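Colleague: Got a minute? I'd like to go through this one with you.
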Amino acid sequence: MMDVYLYPRVAPAGRLRFWLGVVGQRAPGQVRWKLDGAAVQAQALRPLVPAHLHGAKCSTGVFEIDKQVEPGGLYRVSATIDGESATAQVRAVPAEIPEDGWLRILLVSCYHRVEDHGYLARTIDGLPASQRPHFSILMGDQVYLDLPTLDNFPNDEAKLARKFEDQYRRNWTQRRGLRSVLSLAPSISAPDDHEYWNNFPHAATVIQNSWSSEGRQRWRRAAESLYDAFQVAAPAQRGDPMVVDVPPLSILILDQRSLRREDAASALTEEALVKVEEWVEDLRQKGFYGAVVTGQPLLDTAASPFEEKYVDRTLLNYGDYPRLVSSLLHLADAGRPVLLLTGDVHWGRVTRISEGGRDRFYEVICSPASLVTSVGADQVKTIGSAISALFGGERKRWPRHSDPRVPPDLFAGQALSPRKLVPGSPQTHKGDQVAILKLRRSAGALEMKVDYHELHDSPRPPKVFGPWLLRRQM
């Protein structure tokens with residue numbers, strides 16, 4: 001018995017790229033491809049290989065087709081292995097942002113499958129054709145490998161790899177999972193800590209395996225193999241910055257988790273930081289707008305020593321934060337506001353960041369798609385809301401979710417001193433959510449809106465933030 005899964009990935013103009021997964025057969029045969037019913041060759045960017053080296057049940061690979069592919073064109077692609085097939089209908093990423101319509105980008109982060117009641121799939125499947133995204137960005141915590149919280153995880157690399165593979169398989173192949181998102185449109189993803197463990201790469205309070213260096217290394221190797229198998233955007237490698245160009249916009253997706261240093265010297269490698277700086281200079285030359293995807297917000301405060309040890313560090317706790325935000329400010333100084341796209345924090349927020357009346361950044365946060373349980377605290381919040389309702393109070397719609405935080409007074413204050421970048425009053429969204437970022441060209445500028453979709457048994461209409469006009473300002 002074998003099951004085959006085929007999901008589109010974001011690809012450069014003129015190409016189609018796919019993640020291929022085979023479940024139930026350890027040594028699948030040759031893959032035969034068809035494009036709109038005609039046989040075609042596909043290049044293996046990552047060959048179809050077992051997801052890990054400890055008796056994997058899944059084999060995965062990444063393949064690319066570059067024959068007769070027009071930007072924005074609609075194609076039907078099939079992959080057949082040993083008589084079993086999977087088919088995907090995919091629209092290639094547009095060549096540029098249109099003027100007569102919106103470029104739509106689905107933003108998703110923080111998805112805990114166990115807490116989802118099918119609301120994600122129902123929302124995604126219910127999007128009308130006019131609102132479906134051109135591509136999706138998964139911004140971190142696509143899996144929660146370190147849950148359930150009170151589990152006693154095996155301190156054995158092979159057993160961990162098999163456990164993690166099972167979690168990925170469920171998230172990638174089940175309707176109550178990410179299947180609806182992965183099959184809807186080409187996607188690209190970056191990790192955050194739960195692709196490894198909470199507060200990775202540092203020791204975590206409740207994860208006994210992380211208390212020793214040897215335990216962290218065993219867990220890390222097992223998690224890395226599964227991240228490579230299911231998420232890495234081959235031909236890029238884990239930790240590499242990735243670029244998606246839809247002129248006049250260029251999106252930089254950063255992996256600031258996989259290669260973080262335990263001494264907190266950096267969240268990115270030196271090679272990655274150089275690539276960021278090269279990307280900035282390239283956009284300044286081209287006159288493009290820039291967007292940056294990070295697993296955690298750049299508009300934040302540093303975690304306290306207590307939070308560093310028992311909760312999670314923020315990007316401000318790492319030594320390369322000043323260099324990164326200085327590079328991005330250098331791009332904003334070219335006159336075009338930079339978009340900061342992120343998840344992680346379990347609420348939604350859009351914040352305009354200005355300097356001397358000129359727009360420098362727009363931060364867009366979308367989180368979570370399915371809130372993970374905080375053992376103890378969530379039960380208290382839920383019971384408290386129910387008791388309040390019994391005595392005539394209002395039952396909270398999202399009793400477990402935190403209220404969105406007010407931004408700090410300055411963006412990267414010490415790192416960018418003496419510059420004074422001031423966040424304005426944000427627009428916020430609370431609850432389980434996904435967002436669709438919309439952009440279109442307008443009078444030599446970019447117009448932007450963000451639609452927040454509530455994931456709920458009785459969802460309210462999407463909450464629309466904007467529009468904003470991102471224009472050249474000097």
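Modeller: Sure. One term before we start: a polar contact is a pair of N or O atoms within 3.5 Å; within protein, one must be able to donate a hydrogen and the other to accept it, and residues adjacent in sequence count only if both atoms are side-chain atoms. Also, this is a predicted model, where local features need pLDDT of at least 70, side-chain atom pairs count only at pLDDT 80 or more, and totals for chains, interfaces and linings use all residues. Residues are numbered from 1 along each chain as its sequence is written, and side-chain values use heavy atoms, leaving out hydrogens and water.

Colleague: OK, which side chain does Asp359 join in a polar contact?
Modeller: The side chain of Tyr362, at 2.7 Å.

Colleague: And is Asp359 buried or exposed?
Modeller: Buried, because its relative accessibility is 4% (buried means under 20% relative accessible area, exposed over 50%, partly exposed in between, with a 1.4 Å probe and protein chains only).

Colleague: Where is Asp359, anyway?
Modeller: In strand S17, residues 358-365 (a strand is a DSSP run of E, at least two residues; a helix is a run of H or I, at least four; both are numbered from the N terminus).

Colleague: New topic: what about Leu160?
Modeller: Leu160 lies in helix H2 and counts as buried, at 0% relative accessibility. Leaving aside residues up to four places away in sequence, Leu160 touches Phe153, Pro154, Asn209, Arg218, Trp219 and Ala222 (contact means heavy atoms within 4.5 Å).

Colleague: How far is Leu160 from Pro241 in space?
Modeller: 28 Å, C-alpha to C-alpha, with their positions 81 residues apart in sequence.
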